[in-house]
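Notebook open, structure loaded. I want to look up a surface patch, then one helix, then a single valine.

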Amino acid sequence: MALIAVCCVLSAIAPDFATVGNVLNVLLAASTLTILACGLTVALIAGEIDLSVGSVEALTGSAAAVMIVAYGIPWPLAIVGGIAVGAAAGLVNGIVATRFSVPSFVASLAMLSVASGAANLLTNGTSVFGLGSQFGYLGTGKVLSIPVPVVIAGVVALGLAVTLRKTSFGLDVYAVGGNREAARLSGVSISSVKVRVLVLSGALAGLAGLIIAARLDSGSGTVGTQDLMAAIAAVVIGGTSLNGGIGSIGGSVVGALLIATIQNGLVLMDITAFWQQVAIGSLILIAALLERLSKLTIGGKPA
């Protein structure tokens with residue numbers, strides 16, 4: 001309903017908003033955000049969080065760019081390598097969180113700094129250009145007039161939605177986030193679930209980073225580092241609980257579309273980009289307050 005309301009208001013205020021071209025722009029802008037949000041959703045449902053996704057985006061895009069430009073590695077292998085780098089970052093987060101009992105908040109916060117520094121080391125603090133048209137298709141190509149990143153985001157979202165609702169892994173994720181002790185007594189491997197959701201989040205952040213690099217035809221240590229707050233906002237707005245056990249991929253997709261729509265509308269109205277940060281922060285706060293109020297209403301008293 002919020003998304004529909006925002007679309008109606010922007011259509012009235014900005015005549016260019018409701019055009020086919022602009023709608024595709026919104027979907028394109030929401031594609032990488034959706035991919036990030038999907039990974040974060042699974043992690044949050046399991047009671048974990050990955051704060052490194054933005055920096056991992058930058059790292060994977062930079063790694064792929066260096067592979068292609070500096071070492072002449074074929075673009076398909078660069079894509080596989082980039083996703084593997086993201087998955088490896090998630091694996092480190094998972095191992096630190098499970099083997100050493102470090103909260104994933106702290107582990108991923110450390111990885112945020114490590115990945116950002118590594119990305120800048122790979123690129124020497126500059127942008128690596130010339131990734132080629134074949135690699136660029138990942139970010140600029142179209143399938144039946146639909147941008148490839150939108151198609152990829154749709155496939156990721158649909159695949160994860162089915163996985164969470166129809167597979168034993170999905171049930172384990174909800175069980176671990178909803179009641180960790182009950183899940184353990186039921187035979188669920190808590191450590192395994194935690195590691196897998198963080199690896200998944202890292203791999204999807206890697207995929208998002210590759211798409212951005214393909215769109216820009218360059219890898220950089222700064223690209224994507226600002227996406228963390230927008231991704232968290234999309235997930236929280238979509239109804240995923242920060243306490244775990246509750247959430248859905250569909251809700252996060254709508255949240256990502258809402259964020260992208262607001263950002264697009266502000267640009268069309270020629271409003272400074274700084275207001276986008278204000279809007280995203282406000283949406284996170286409002287969503288968190290609504291979640292809290294709903295719990296008080298249902299429970300009848302403060303938790």
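**Surface patch.** I'm working from a predicted model here. I went to the outside and found a nonpolar patch made of Tyr137, Val143, Leu144, Ile146, Val151 and Val155. Together these residues have about 560 Å² of accessible area. I picked Val155 for a closer look and found that it belongs to helix H7. Its relative accessibility is 56%, so I log Val155 as exposed, the cut-off being over 50%.

**Helix H8.** Next I checked which residues of H8, running 168–178, are buried. I got Phe169, Gly170, Val173, Tyr174, Val176 and Gly177. They span an arc of only 165° around the axis, so I note them as lying on the same side of H8. Then I turned the model to see the face pointing away from that buried side, and there I found the exposed residues Ser168, Leu171 and Gly178.

What do the buried residues of H8 pack against? I traced helix H2 (20–45), helix H7 (148–166), helix H9 (180–185) and helix H10 (190–216). H7 is also where I had placed Val155 of the patch.

**Val199.** From that list of partners I moved on to H10, where Val199 sits. With 23% relative accessibility, Val199 goes down as partly exposed. Leaving out residues up to four places away in sequence, I have Val199 touching Ala87, Gly90 and Leu91. I also checked the spacing to Leu91: the two are 108 residues apart in sequence, yet 5.0 Å apart in space, C-alpha to C-alpha.

How values were computed. Residues are numbered from 1 along each chain as its sequence is written. This is a predicted model: local features need pLDDT of at least 70, side-chain atom pairs count only at pLDDT 80 or more; totals for chains, interfaces and linings use all residues. Side-chain values use heavy atoms; hydrogens and water are left out. Buried means under 20% relative accessible area, exposed over 50%, partly exposed in between (1.4 Å probe, protein chains only). Helices (H or I, at least four residues) and strands (E, at least two) are DSSP runs, numbered from the N terminus. The arc is that of the directions from the helix axis to the C-beta atoms. Contact means heavy atoms within 4.5 Å. Patches are made of residues with over 30% relative accessible area and no salt bridge: like charges are joined within 9 Å, nonpolar side chains (Val, Leu, Ile, Met, Phe, Trp, Tyr) within 5 Å. Accessible areas come from the Shrake-Rupley method with a 1.4 Å probe; for residues, only the protein chains shown count as cover. A salt bridge is a side-chain nitrogen of Lys or Arg within 4 Å of a carboxyl oxygen of Asp or Glu.
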